[in-house]
Amino acid sequence: MKQSLLFVPTLRDMPKEAEVVSHKILLRGGYVKQSTAGVYSYLPLGYKIIKKIENIIREELDKIGCSELLMPALQSKDLWVESGRWEAYGKELMRLKDRHERDFCLGPTHEEVVTSIVRDFINSYKKLPLALYQIQTKFRDEFRPRFGLMRGREFIMKDLYTFHATPEDLDEWYLKVRKAYQNILDRMELHYRIVSADSGNIGGSSSEEFMILCDIGEDTIVYSDESEFASNFELYNLQVGDPSPDGKGHILHAKGIEAGHIFKLGTKYSSPMKANFIDKDGITKPIIMGCYGMGISRLLMAILEQHYRDEKAIWPREVRPFDVHILPLDKEQTANYDIALEVYDKLNKAGYDCLFDDRQESPGVKFKDADLIGVRNRIVVGRRASEGIFEFKDIKENITKEITFSEMMSMNFKR
Ligand code: ATP
Ligand code: MG
């Protein structure tokens with residue numbers, strides 16, 4: 001990709017509205033732009049990373065047998081009255097009326113819609129289990145939108161719903177999805193902890209949250225210094241030093257960002273909405289359900305919160321926007337520029353996703369922008385290019401060295 005064609009509006013100065021480093025980098029690096037409080041545009045660079053996050057999620061969910069669909073954001077009040085949530089959801093639900101004064105909402109989550117689809121098509125145990133997910137824009141009128149993408153009023157979420165004939169089958173799927181979530185967060189190189197949680201507005205019998213460990217987290221995790229016990233503070237108001245409820249060790253606190261939340265719903269939606277099936281013995285029963293959310297736009301920031309140095313992004317391998325950044329340094333675009341073009345061509349052919357800074361800008365501007373974009377492997381085509389010597393910089397390891405053309409060709413830029 002030629003950089004002149006990639007729209008990356010970097011900012012010279014630190015944006016004042018950003019309180020946390022990840023938010024500053026996203027604004028400064030031209031990844032996102034705020035439209036109004038809690039509402040963002042994902043600019044090409046930010047959206048490229050979002051798509052990589054989405055694809056990791058798709059790969060891991062498809063692997064365990066989930067199918068992707070897309071449901072409407074616009075939902076009629078009737079469905080929410082059926083589930084009892086039109087009143088219960090409260091002010092977070094974005095409500096609106098159409099021209100005929102009929103009530104609608106913009107979906108904050110999709111239990112109602114997905115249950116209404118399944119009840120119309122599934123009537124026998126023979127068609128279960130089923131696992132349906134979507135990646136979609138969600139709307140929640142948060143009391144306090146905060147920290148940029150962390151708590152938006154419009155945000156991107158992956159939501160998965162599973163349908164079962166027996167509680168045992170739900171248990172089995174719950175564990176499969178839990179493992180898939182671990183794979184997803186591992187591939188994004190995140191440090192996290194799985195904690196038991198309060199089921200909140202979604203409901204159901206039990207739930208767990210995937211907490212990205214980090215100081216700016218809004219959630220407090222209570223955990224044992226000796227065992228696997230870990231919970232959201234909301235659930236167990238334990239103080240530092242209290243004995244752990246499982247009898248092993250003492251309590252410590254940590255801050256976390258909730259990246260995902262998985263629930264055993266049971267029949268909370270299928271019972272009132274009459275999503276029934278006929279089981280093996282010919283008895284009609286409500287379908288047993290699970291639901292599993294993951295915040296995609298929130299992850300964009302959460303990843304960054306764990307992957308920066310000196311307020312500059314160092315994206316993990318699987319989500320980084322490019323493999324190699326090529327910087328020709330002569331502004332006049334003469335001989336060195338042609339050598340740089342050849343490097344670009346060869347590395348493209350070798351299968352690398354390259355960003356080529358073809359702009360007529362000074363070296364200072366190019367380096368500054370390159371730091372903000374955060375591509376791990378950088379090749380500078382400078383003074384000694386005519387002798388076949390290039391400067392290579394590994395941003396992650398913070399190593400700079402001179403390399404020859406053939407050394408460059410034998411390097412692995414996918415690592
Ligand atoms: P929180 O406690 O942070 O408000 P929640 O429990 O309301 O989250 P869920 O309803 O379980 O969240 O939604 C699933 C996922 O969607 C969350 O784990 C989170 O990653 C993401 N998410 C929830 N609310 C927002 C928001 N306002 N902005 C961005 N992402 C969000
Ligand atoms: Mg919430």
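Axes here are lines fitted to C-alpha atoms, for helices over the stretch in contact, and the angles between their N-to-C directions run from 0 to 180 degrees. With that in mind, the tour can start; the model on screen is a predicted one.

**Stop 1: helices α2 and α6**

Select residues 44-63, which form helix α2, together with residues 167-187, which form helix α6; their axes come within 9 Å and cross at roughly 150°. Because angles over 145 degrees count as roughly antiparallel, α2 and α6 are described as roughly antiparallel to each other. The crossing of these two helices is right-handed. To see where they touch, show the side chains of I56, I57, E59, E60 and L61 on α2, and of A180, N183, I184 and R187 on α6. Coloured by class, the residues of this α2 and α6 contact divide into five nonpolar, one polar and three charged.

**Stop 2: helices α2 and α7**

Keep α2 in view and add α7, which spans residues 296-306. How do the axes of α2 and α7 cross? They come within 10 Å of each other and cross at roughly 110°, which makes α2 roughly perpendicular to α7. On the α2 side, select G46, I49, I50, I53, E54 and I57, and on the α7 side select I296, S297, L299, L300 and I303, since these are the residues that meet. By class, the contact of α2 with α7 holds eight nonpolar, two polar and one charged residues. I57 deserves a label, as this residue of α2 takes part in the contact with α6 and also in the contact with α7.

**Stop 3: helices α1 and α7**

Now hide α2 and bring up α1, residues 21-28, alongside α7; the two axes come within 8 Å and cross at roughly 110°. That angle makes α1 roughly perpendicular to α7, and α1 passes α7 in a right-handed crossing. The residues to display are V21, S22, H23, I25 and L26 from α1, with L300, M301, L304 and E305 from α7. Here the contact residues divide into six nonpolar, two polar and one charged. L300 of α7 is among the residues that touch α1, and it is also among those that meet α2.

**Stop 4: the largest pocket**

Turn next to the open space in the model, where the largest pocket has a volume of about 840 Å³. Which residues lie nearest the centre of this pocket? Select R140, R151, E258, H261 and R298, which hold that position within a lining of 39 residues. The elements giving two or more residues to this lining are β8 (154-164), β11 (219-224), β13 (251-266), β16 (288-295) and α7, so colouring each of these in turn is a useful way to trace the walls. The lining divides into 14 nonpolar, 12 polar and 13 charged residues.

**Stop 5: the two cavities**

The structure also holds two cavities of 30 Å³ or more. For the largest cavity, with about 60 Å³ of space, select F147, M150, R151, I216, G217, E218, D219, G256, I257, E258 and R298 as the lining. The element that gives the most to this lining is β13, with three residues, and by class the lining has four nonpolar, two polar and five charged residues. R151, E258 and R298 line this cavity and are also among the residues nearest the centre of the largest pocket.

The second largest cavity has about 30 Å³ of space, and its lining appears when G38, Y40, Y42, G148, L149, G152, E154, F155 and S297 are selected. Strands β2 (39-42) and β8 each supply at least two of these residues, and the lining comprises four nonpolar, four polar and one charged residues. S297 returns here from an earlier stop, as one of the α7 residues that meet α2.

**Stop 6: two backbone details**

Finish on the backbone, first by zooming in on L128 and P129, which are joined by a cis peptide bond with omega of about 0°. P129 sits in the loop between α5 (111-121) and β7 (130-139). Then move to the loop between β7 and β8, where F147 is found. Although F147 is not a glycine, it has a positive phi of about 50°, and this residue is one of those lining the largest cavity.

Technical notes
Residues numbered from 1 in each chain as written. Chains lettered and ligands numbered in written order. Predicted model: local features only at pLDDT ≥ 70, side-chain atom pairs only at ≥ 80, totals over all residues. Heavy atoms only, no water. Helix = DSSP H or I, 4+ residues; strand = E, 2+ residues; numbered from the N terminus. Parallel < 35°, antiparallel > 145°, perpendicular 65-115°, else oblique. Left-handed = near helix turned anticlockwise from the far one by under 90°. Contact = heavy atoms within 4.5 Å. Nonpolar A, V, L, I, M, F, W, Y, C, P; charged D, E, K, R; others polar. 1 Å grid on protein atoms, 1.4 Å probe; cavity = no way out; pocket = protein on both sides within 12 Å on 5 of 7 lines; lining within 4 Å. Points joined across faces, edges and corners; volume = space filled by probe spheres on them.
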